[in-house]
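Biologist: Hi! Could you walk me through this protein, one piece at a time?
Modeller: Happy to, let's look at it together.

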Amino acid sequence: MTHQSALPAKVKIVEVGPRDGLQNEKEALSADVKVDLVERLARAGFVNVEAAAFVSPKWVPQMATSAEVLARIERRPGTIYSALVPNMQGFEAALAGGADEVVVFGAASEAFSQKNINCSIAQSIARFEPVARAAKEQGLRLRGSISTAFGCPYQGEVPLDTVGDVVARMRDLGCDEIDIADTIGVSTAKKTQAVMLRAAREFPIAQLAGHFHDTYGQALANIYAAMEVGVAIFHSSVAGLGGCPYAKGATGNVATEDVLYLMQGLGIETGVDLDQVVDAGLFISQQLGRKSISRAGNAIAAKRAG
């Protein structure tokens, strides 16, 4: 596949702040605040908001209110509300809560898989087979998320063929969309293209998403590079939630406002209102008692203030 320089006319932005973002903030917020945040984001025009995670509250106290959040949000027609599920118990909770999509996950790094979930990549994905079957039976959308696809904190390099193998396993589970994630934010533009093109040999590029972290300041460059080879779905987090340098384990989600500012400048359609996202970012940052880490969001807010 040759280097495609034509950028997509339209991209889908998956807003992950209420789940992936807040999960990595040390502050656990009330259900009221989360409901407000999810509703603000849906109103801003996102067609996919990651709203919940049915994981052990012992390990992830920030997500303990997931059932309540899903039950209380006012649903916007046309928006998919997603929930991360680690097992059948999580799936049942997501189904009961009315999630439109369930997200299953695995790593592209064997060392990361062993250290995080004490099993091999193959075993971890096989464990999701009952979840995948149940999702299909219930007519829910199934998304697969692949962490450490561009580098691993334990093993360093992650071979391209390993990424390809995990994508193929996720595809065989029946995933409708697969996220390729740079969990530790180490990728740079050329590597991003190589990984995305390798993943695209196993699964249609139109259904692959880029989940980039800004740990080394490369997220926007990686998003641009991924668009050049045909990727048109990206994940981002309002106000850069989850990127707080003081939060333990935070790895720095790219800020939605920054991504939207880029798309707006490129004339790429997102269907999302940047001003409303800036408002949502200011709201949630205030709730956390700190400044937003979105540079575009802060610049727009400063300009408004005159």
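**Pockets, strands and helices**

Modeller: Let's start with the largest pocket, whose lining divides into 19 nonpolar, 20 polar and nine charged residues. Keep in mind that this is a predicted model.

Biologist: What volume does the largest pocket have?
Modeller: The volume of the largest pocket is about 1,600 Å³. It is lined by 48 residues, and the closest to its centre are Arg19, Gln23, Phe105, Phe112 and Asn116.

Biologist: Which elements give two or more residues to that lining?
Modeller: Three helices do: H1 (17-23), H4 (88-96) and H5 (110-117). Strands E4 (101-107), E5 (141-147) and E6 (177-182) do as well.

Biologist: And the second largest pocket, what lines that one?
Modeller: The second largest pocket has a volume of about 150 Å³. Its lining includes Lys10, Val11, Lys12 and Ile13, along with Gly45, Phe46 and Val47. Further along the chain, Ala232, Glu269, Thr270, Gly271 and Val272 also line it. By class, that makes six nonpolar, three polar and three charged residues.

Biologist: Let's go back to E6. Is E6 largely enclosed or open, and why?
Modeller: E6 is largely enclosed by the rest of the structure, because six of its six residues are buried. On one side you have Glu177, Asp179 and Ala181, and on the other Ile178, Ile180 and Asp182.

Biologist: How does E6 pair with E5, parallel or antiparallel?
Modeller: E5 and E6 run parallel and are joined by four bridges. If you want a spot to click on, Ile146 stands opposite Ile180 in E6.

Biologist: What does Ile178 touch, beyond its neighbours in sequence?
Modeller: Leaving aside residues within four places in sequence, Ile178 is in contact with Gly144, Ile146, Val167, Met170 and Arg171, and also with Phe203, Gln207, Leu208 and Ala209.

Biologist: Which residues have the most contacts inside the largest nonpolar core?
Modeller: Ile178 is one of them, together with Leu37, Val104, Ile146, Ile180, Phe234 and Ile284. The core has 92 residues in total. Helix H2 (residues 31-44) gives the largest share, eight residues. As a general point, nonpolar side chains tend to be buried together in soluble globular proteins.

Biologist: Phe234 was in that list. What's the story with its strand, E8?
Modeller: Both faces of E8 are covered. Ile233 and His235 are buried on one side, and Phe234 and Ser236 are buried on the other.

Biologist: Which strands pair with E8?
Modeller: E1 pairs with E8 in the parallel sense over four bridges, and Ser236 is the bridge partner of Glu15. Strand E7 (residues 208-212) also pairs with E8 in the parallel sense, over three bridges. There, Ala209 stands opposite Ile233.

Biologist: Switching to helices. Which residues of H11 are buried?
Modeller: In helix H11 (residues 256-266), the buried ones are Thr256, Glu257, Asp258, Val259, Leu260 and Met263. Their cover includes strands E1 (12-15) and E8 (233-236), plus helices H10 (219-228), H12 (274-288) and H13 (295-304). Just after H11, Gly267 takes a positive phi of about 75°.

Biologist: Where is Ser109, and is it buried or exposed?
Modeller: Ser109 sits in the loop between E4 and H5. Its relative accessible area is 0%, so Ser109 is buried. Not counting residues up to four places away in sequence, Ser109 touches Ile121, Thr148, Cys152, Gln155 and Val158. Ser109 and Tyr154 are 45 residues apart in sequence, and their C-alpha atoms are 8.6 Å apart.

Biologist: What about Thr192, buried or exposed?
Modeller: Thr192 counts as buried, because its relative accessibility is 0%. Thr192 belongs to helix H9 (residues 189-199). Leaving aside neighbours within four places in sequence, its contacts are Phe150, Ser187, Phe212, Asn222 and Ala226.

Biologist: Last one: why does Arg72 count as partly exposed?
Modeller: Arg72 has a relative accessibility of 38%, and partly exposed covers what lies between buried, under 20%, and exposed, over 50%. Arg72 is in helix H3 (residues 66-72). Beyond its neighbours within four places in sequence, Arg72 is in contact with Ala31, Asp32, Val35 and Glu39.

Note on methods:
Residues numbered from 1 in each chain as written. Predicted model: local features only at pLDDT ≥ 70, side-chain atom pairs only at ≥ 80, totals over all residues. Heavy atoms only, no water. Core = buried A, V, L, I, M, F, W, Y, C linked by side-chain atoms within 4.5 Å. Buried < 20%, exposed > 50% of the residue type's maximum accessible area, 1.4 Å probe, protein only. Contact = heavy atoms within 4.5 Å. 1 Å grid on protein atoms, 1.4 Å probe; cavity = no way out; pocket = protein on both sides within 12 Å on 5 of 7 lines; lining within 4 Å. Points joined across faces, edges and corners; volume = space filled by probe spheres on them. Nonpolar A, V, L, I, M, F, W, Y, C, P; charged D, E, K, R; others polar. Pairing = 2+ DSSP bridges.
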